[in-house]
Each structure stands twice: as C-alpha cells, then as structure tokens.
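This briefing goes through selected local features of one chain. Please look over the sequence and the structure before reading the points below.

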Amino acid sequence: LKAIPYEMRVLIYIVAMYELPVTMGTLLSMLERAILERVMQGKTRSELIIDIEFLIKKNYILLEKENKTDKESNIQDSTIIKLQDEYLKEAVGKLILKKDKIMSHKSISDHLCLFYIGNVEYKEMVARHLLMAEQNMSAISYYIEIARQRYENGLIEKAAIIYELIITSLGSIDSREKEQINREVLIQLGSIKLLIGDYTGAENCFIRVKTEKSDIVTKIKILKKIGEINHKKGMHEKAIEYFDKAILEAKENELDTTVDEISTHKISVLISMSRFDEVRELINGILLSGSLNDTLRMKIYNLSGLMNFYENDLEKAIDNFNLSLEFATRNNDLQGMLTAESNIGLITSQKSKFDEAIKWYLKVIKLIESKSDILAKANTLQNLGSCYLRMGKLNDTLRCYEESYNIFQILDKPNQTESALFNLGLVHLE
C-alpha cells in the first residue's frame, strides 16, 4: 500500500468503507464530489478510471463481473467492485490522514442520503458515516429517528441500543441543544428499560436526567417514572411517595390533567396493596374532576375492573373492562384495547368460559401482531394455551406453548422460558 500514490489509498479506503455493493458508477460519483477534489488533485473521470484499472491489475480491488463493451474502459458503471482482501480495510485505514478519512465518510454519507435514505437500515448507515465524519449532531438526528421507528415497530431493545449510542455520541458535542437532547434520550431509554424489566438501569437513566428549575413537566415525569420503577420492584410505599411528590408538583402548577393521570398510577399501587377504600376515593375524585377525557376514562374503568377482580366480583369486573374497551376503541388506542381485551379474556377464563376466553385471546394476538410486539404475543399465547389445556385440546395447547417458548428463547427471557418449559412438561404429562 505504501508503494502506491496516496490518492489511490484514499480510493481503496472508500471501497473498503462503503457498506453496500459498490458499482463503478457509484465509486466515480463519490470520487468526483467536490469534497474529495483536493485529495484527487482535480483528476478527470477518465484519469480516475485509469487509477481504478491500475488497482484492479495489481489485485488491490476486484471486479464482481466484467463487461468489455464500454468504449472508454473495460469497466461499465454497473460493474461491481470489491476489496481483494478484507485485511486491506484495516491496513489502508492506518495509511490515511484523519482529515481525509473524515472527507471520505462525508462523501459516502452524502451519496447514501441521495439514493437510499427511505429505508431505516440505510439511515443507520448514513448515521454511522456521519459519526465517522465527525458530523455528530447530524448523525444524532438520524439516530433519534431510527430509534423512534424501531420503538414503534416493537423492536424496543434495538431502540435502546440506539439511544445508548446517542448518549455516548453526545459526550463529544459542545452545543446548546446537547442537554435537551440528553434529557429526552435518557427519559426514552429509561422508559424502555422499565418496559423490559431492567429496573436498575431504568432508575439510573432517570436519576441522570438534569432538570432546570423552569422545566416542571420534565421534573414531574421523572418523579412519576421512578414511582413506576419502585412499583415494579414491589416497593409499594416508596412508589406512592414518588407519585405523591409528582402529584404535589402538578397541583402547585395547576396541571389538573397531569394530577389525574399520575393518580391512576398511584391507584394501581393501592390495588396491589388491597387498599380498596383509598382506591374508590381516588377514582371518585377523578370521575368528578373537570379534566376527565376519554383516555383517562379508559384507564379508570380498567383500574376499577382490576379492583373488582381482586375483590372476586367478576361480573362487575367484566362490565368495567368492557367500558374501558369501549373508550379505547373509540380513540383507536391499541394498547388500551390490548389491555382491556386481555383482562376480559382472563376473567372469562376464570369463569371457565374457555371458548369465549379463546376468542378474546385470539383478538388480542391479532392486535399484537399489528404492533409487532412479540413479547406480548408470547405472554398471550401462554394464556391461550392454558385455555386449550383445560378444554383437553392438547395439540392446540402444545402449539401455543411451543411458539411462546421459542419467542422467549429468541428474546433471551430466562424466567419466561423456564415457565414455558414447565408448561410444556405439563402437556406431555397429559
């Protein structure tokens, strides 16, 4: 490599770094960009082709296919070019100046933006090259969009990886936007960790969020999230303490809707503690408040149904879950619909109405598949399998349990995997 001209090393570096099959036309397009004119010494297209042919002759780069119909060269624009050896990628990187690496990655990202930006995978390539081109804020903008898309498609753990990368990348940025982005990303990452059961990781994220005195909304959000974490960890009194702090902040700032929304989280904890008199008092207060909207009604009826369930009043529980489903359907709230339908399935199963429960669980699975939430699908398959088992439909039971077991394994969920294996064992005993 040291024996060839410097600009040829840059050319090899671009071939090495480009993550897609690179055609002659693509390579020339990137080489001709103004950003590389200084490195390429203002060479013409014909001269660049001569350089490429030299590198092919010397076996630095190879042709995937060769066409000899081009008048100017034996290489057409559509000809695929690749590295002769992957070891060249590391070697050539050591022989290129940092500033020229930066220019090369900027050239690659510009090209990808022009031709491939519609696909999320290509967006990730653009972001990677922008990071290597030290265009960190531009890269972060792409990564935020990628993380959002992954989250919406149910790929929440992949979204978490992107958010962690953003936080790392922010460390080298000096920008007024940095703190705001850092706050938003930490909250998103903490929320995902809370969803996947990493409560320590979630709490660490929320504790790291720095809020300004004027940012009351973020402060309330953090208090609420830490309350949720403590609820998940079974630390109910501590959870109530944080929810009360959040409610107090919201009241002092006359955020009535926020007060009621946080109160629904407190109600959930109180139900777990069987403090039903306090639950009724809070629910009645919310129902009488002027800030009640359909989303809040949906949550309140769902919580009322849960309380009825724990009090063994199954008929009343069904009525409240149906009301919750009505408001969720009216607002096309998929998560609300999933929660209500799952709970109705649970109650009908408890009442030994297995045919009816199965219909509800199949509706839930159909909704889940539209959200691509495969963990929720696995949990619902376990419930569905339980119904089939109690009806003596062992083949259907086995199908549900095996599918959920495979999902738990793929998602690396050891507790759920163990439980699914136990259930499979029960089926085989039958």
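Is Leu429 buried or exposed? Leu429 counts as exposed, because its relative accessibility is 73% and the cut-off for exposed is over 50%. The model is predicted, and the points below take up helix H21, helix H19, two loops with positive phi, and two buried helix residues.

**Helix H21 and its surface patch**
- Leu429 belongs to helix H21, which covers residues 414–429.
- Together with Phe422 and Leu426, Leu429 makes a nonpolar surface patch of about 340 Å².

**Helix H19**
- Helix H19 covers residues 374–390, and its 17 residues should span 24 Å at 1.5 Å a residue.
- The end C-alpha atoms of H19 are 24 Å apart, so the model agrees with the expected span.
- Buried residues of H19 include Ala376, Ala378, Leu381, Leu384 and Cys387.
- Lys377, Thr380, Gln382 and Tyr388 are also among the buried residues of this helix, as is Gly385.
- Gly392 follows H19 and has a positive phi, near 80°.

**Positive phi in loops between helices**
- Glu134 is not a glycine, yet its phi is positive, at about 60°.
- The loop that holds Glu134 runs between helix H6 (120–132) and helix H7 (136–152).
- Glu134 counts as partly exposed because its relative accessibility is 45%, and partly exposed covers values between the 20% and 50% cut-offs.
- Glu254, likewise a residue other than glycine, has a positive phi near 55°.
- Glu254 sits in the loop between helix H12 (236–252) and helix H13 (256–272).
- With a relative accessibility of 68%, Glu254 counts as exposed.

**Buried residues in helices H15 and H4**
- Ser304 is part of helix H15, residues 294–310.
- The relative accessible area of Ser304 is 10%, so Ser304 is buried, the cut-off being under 20%.
- Leaving aside residues up to four places away in sequence, Ser304 touches Ile283 and Asn320.
- Leu88 is found in helix H4, residues 87–93.
- Leu88 counts as buried because its relative accessibility is 12%.
- Beyond residues up to four places away in sequence, Leu88 is in contact with Leu1, Tyr60 and Leu83.
- From Leu88 to Arg390 the separation is 302 residues in sequence and 62 Å in space, C-alpha to C-alpha.

Methods: Residues are numbered from 1 along each chain as its sequence is written. This is a predicted model: local features need pLDDT of at least 70, side-chain atom pairs count only at pLDDT 80 or more; totals for chains, interfaces and linings use all residues. Side-chain values use heavy atoms; hydrogens and water are left out. Helices (H or I, at least four residues) and strands (E, at least two) are DSSP runs, numbered from the N terminus. The expected span of a helix is 1.5 Å times one less than its number of residues. Buried means under 20% relative accessible area, exposed over 50%, partly exposed in between (1.4 Å probe, protein chains only). Patches are made of residues with over 30% relative accessible area and no salt bridge: like charges are joined within 9 Å, nonpolar side chains (Val, Leu, Ile, Met, Phe, Trp, Tyr) within 5 Å. Accessible areas come from the Shrake-Rupley method with a 1.4 Å probe; for residues, only the protein chains shown count as cover. A salt bridge is a side-chain nitrogen of Lys or Arg within 4 Å of a carboxyl oxygen of Asp or Glu. Contact means heavy atoms within 4.5 Å.
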